[in-house]
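Grab a pencil and work through the exercises below. Try each task yourself before you read its solution.

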Amino acid sequence: MATEALEPVDAEEALSSDLSTEACPVLPPPVPETLGNRLPWALVERDGGVRENPWVDSHNVTVSVWAGTWAEAMREADRLAGAIARLPATGETSVQWRRADVTGLPSAAPDALHPDIPRVQLTATVYCRTTL
């Protein structure tokens, strides 16, 4: 077995690619110092995970959404939660998503670095095929 086959997928990059829309771009870290006119936008961070078997990894992720209002941030976070849950049934994704569980529904999560900009967060565990 080639050593590349043992490497986990870059879940942040894959989810960013598969969840991003023109209305709400989804990006991997880091959070920019100033959010400027980018609102709404989302960030996906891998918080760890588990090698389930030689072919599948699970990735624990946090998705943060910043928007102009709390209602808009919650709406986009709800949309992203649904999109994550549908990943295994979605065709033409960047990796083979085997399973996706939303483990924490969207909730308000004020950002100390950007206190005037509403932020909502959700958590999920996504399972995907390892690098082949």
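**Exercise 1: Salt bridges**

A search of the whole structure turns up 3 salt bridges (a side-chain nitrogen of Lys or Arg within 4 Å of a carboxyl oxygen of Asp or Glu). Before you start, note that this is a predicted model, where local features need pLDDT of at least 70, side-chain atom pairs count only at pLDDT 80 or more, and totals for chains, interfaces and linings use all residues. Residues are numbered from 1 along each chain as its sequence is written, and side-chain values use heavy atoms, with hydrogens and water left out.

Task: Find the partner of Arg-51, then of Arg-79, then of Asp-101, and say how buried or exposed these residues are.

Solution:
- Step 1. Arg-51 meets Asp-57, at 2.5 Å from N to O. Arg-51 has 33% relative accessibility, so it counts as partly exposed, while Asp-57, at 4%, counts as buried. The cut-offs: buried means under 20% relative accessible area, exposed over 50%, and partly exposed in between (1.4 Å probe, protein chains only).
- Step 2. Arg-79 meets Glu-76, at 2.9 Å from N to O. They sit 3 residues apart in helix 2, so about one helical turn separates them. Arg-79 is partly exposed at 27%, and Glu-76 is buried at 12%.
- Step 3. Asp-101 meets Arg-99, at 2.8 Å from N to O. Here Asp-101 is partly exposed at 24%, and Arg-99 is partly exposed at 44%.

**Exercise 2: The sheet and its helices**

Task: Work out the strand order of the sheet, then see how the helices lie on it.

Solution:
- Step 1. Take stock: the chain has 2 helices and 5 strands. Helices (H or I, at least four residues) and strands (E, at least two) are DSSP runs, numbered from the N terminus. Along the sequence the pattern reads α-β-β-β-α-β-β.
- Step 2. The 5 strands make an open sheet with mixed pairing, in the order 1-2-3-5-4. Two strands pair if DSSP finds at least two bridges between them. Strand 1 (26-27) and strand 4 (97-108) are the edges, each pairing on one side only.
- Step 3. Strand 1 and strand 2 (residues 41-53) run parallel, joined by 2 bridges. In this pairing, Val-26 stands opposite Ala-42 of strand 2.
- Step 4. Helix 1 (residues 11-19) packs on the sheet and touches strand 1, strand 2, strand 3 (56-66), strand 4 and strand 5 (119-129), making about 130 degrees with the direction of strand 2. Contact means heavy atoms within 4.5 Å. Helix 2 (residues 70-86) lies across strand 1, strand 2, strand 3, strand 4 and strand 5, at about 160 degrees to strand 4. Axes are lines fitted to C-alpha atoms, for helices over the stretch in contact, and angles run from 0 to 180 degrees between N-to-C directions.

**Exercise 3: The aromatic pair**

Task: Which residues form the aromatic pair, and how are their planes arranged?

Solution:
- Step 1. There is 1 aromatic pair in the structure. Rings of Phe, Tyr and Trp (its six-membered ring) pair if their centres lie within 6.5 Å; planes under 30 degrees apart count as stacked, over 60 as edge-to-face and the rest as tilted.
- Step 2. The partners are Trp-41 and Trp-66, with 5.0 Å centre to centre and 15 degrees between the planes, and the pair is stacked.
- Step 3. Trp-41 belongs to strand 2 and Trp-66 to strand 3, 25 residues apart, and the pair links distant parts of the chain. Both Trp-41 and Trp-66 are buried.
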